[in-house]
Amino acid sequence: MDPTIRWLEDDLQAAHANIVQYLWHAYRFGEGELAAEIEEIAREEMRHLWWLAETIVRRGGDPSLARGPLVRQDTAAGFLRWAVSREEADLERCRQHRDQTTDPAVRLVLDRVIADEVHHRQAFQELLTAVENGTLTLAPRPATVPDGLAETVALLNQAIRFEYTAVLQYLYQSFFVTTDCDLYRELFNTQAQESMKHLGWLAETVAALGGEPLLEFDPIDRGRDPARFLAINLRLEEEAVRLYREWLPRLADPRARAVMERIYAQEQHHVREFQLLHQPTSAGLTVGSLFGRPQWE
Ligand SMILES: [Fe+2]
Ligand SMILES: [Fe+2]
Ligand SMILES: [Fe+2]
Ligand SMILES: [Fe+2]
């Protein structure tokens, strides 16, 4: 295996683990400034994941999108202390990888990641100081799920699993859309971000109800034929609409229902978007059949 791809895979798996462990702790420590700052860092880790995976694809590899091991801390200070050392380790590893490669495209990506990691380490350090000297107060979460809400929490966690898998599915596809199809890269990236947003709302609701957000995912469709992407995605969005419609009346908490209703409305819109793109044109072609071809001739 190309050794550069192996390093990039290590960096990618670390970024993937960071997204999840940062979000998990953000939800656990409640709403407010701390959670908002951690979520912002998690979004940047998602961009790292995307850049690293795209670089692997450009070098002829197939990004695993696997996740490195997760860490859990019981207190905000414990988490922040660990996060500072985590960013330090990421920084060190990425610097080594940058110095080992002569590929200017890889260096460019790693330089960008390194600049973010320097900022992340600093941001976590400042949050740690604020928590330690009591200038940052935390909104405590309930520790147990009230009677009668176990099914609600279980359904929200199933929805989290669905959205998490959708994030990875859309990200994966976006790497294989050729650069002359910017419209579709944009579309798949937007869809990945929408799914990430849904995941966030659901996980926050689970934590607010005293539950533990289960951040797990199912295997994605690793087909690389762009002509099939629209059909896969239309099925995925139709499945979301079907599941959320079925689950909505079973949610026993008004906040949970409001969140799922909002997501459900957005999924209906996603279905319409993909239906429209999948429809044959007068020339008998679907817009999807233009994948990988120049958009302007
Ligand atoms: Fe990162
Ligand atoms: Fe980072
Ligand atoms: Fe969604
Ligand atoms: Fe969707």
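Colleague: In this predicted model, is Glu-117 buried or exposed?
Modeller: The relative accessible area of Glu-117 is 3%. A residue counts as buried when this value is under 20%, so Glu-117, at 3%, is buried.

Colleague: Which residues coordinate the iron ion (ligand 1)?
Modeller: The donor residues of the iron ion (ligand 1) follow the spacing E-x2-H-x68-E along the sequence. At 2.1 to 2.2 Å from this ion lie the donor atoms, an OE of each glutamate and the ND1 of the histidine, and the residues that carry them are Glu-45, His-48 and Glu-117.

Colleague: How many residues apart are Glu-45 and Glu-117, which link distant parts of the chain?
Modeller: Glu-45, which is buried with a relative accessible area of 0%, coordinates both the iron ion (ligand 1) and the iron ion (ligand 2), and these two ions are 3.5 Å apart. Glu-45 belongs to helix α2 and Glu-117 to helix α4, and the distance between them along the chain is 72 residues.

Colleague: Which element gives the largest share of the largest nonpolar core?
Modeller: This core has 97 residues, and Tyr-22, Phe-79, Phe-124, Tyr-244 and Met-260 touch the most other members. Among the elements that give two or more residues to the core are α1 (3-28), α4 (104-132) and α8 (254-278). The largest share, 14 residues, comes from α5.

Colleague: Where does this core lie with respect to domain 1 (1-140) and domain 2 (144-297)?
Modeller: Phe-79 touches, among others, Tyr-22 and Phe-124, leaving aside residues up to four places away in sequence. Because domain 1 (1-140) and domain 2 (144-297) both give residues to the core, it lies between them.

Notes
Residues numbered from 1 in each chain as written. Chains lettered and ligands numbered in written order. Predicted model: local features only at pLDDT ≥ 70, side-chain atom pairs only at ≥ 80, totals over all residues. Heavy atoms only, no water. Core = buried A, V, L, I, M, F, W, Y, C linked by side-chain atoms within 4.5 Å. Buried < 20%, exposed > 50% of the residue type's maximum accessible area, 1.4 Å probe, protein only. Helix = DSSP H or I, 4+ residues; strand = E, 2+ residues; numbered from the N terminus. Domains from an automatic or database assignment. Contact = heavy atoms within 4.5 Å. Donors = N, O, S within 2.8 Å, 3.2 Å for Na, K, Ca; no water.
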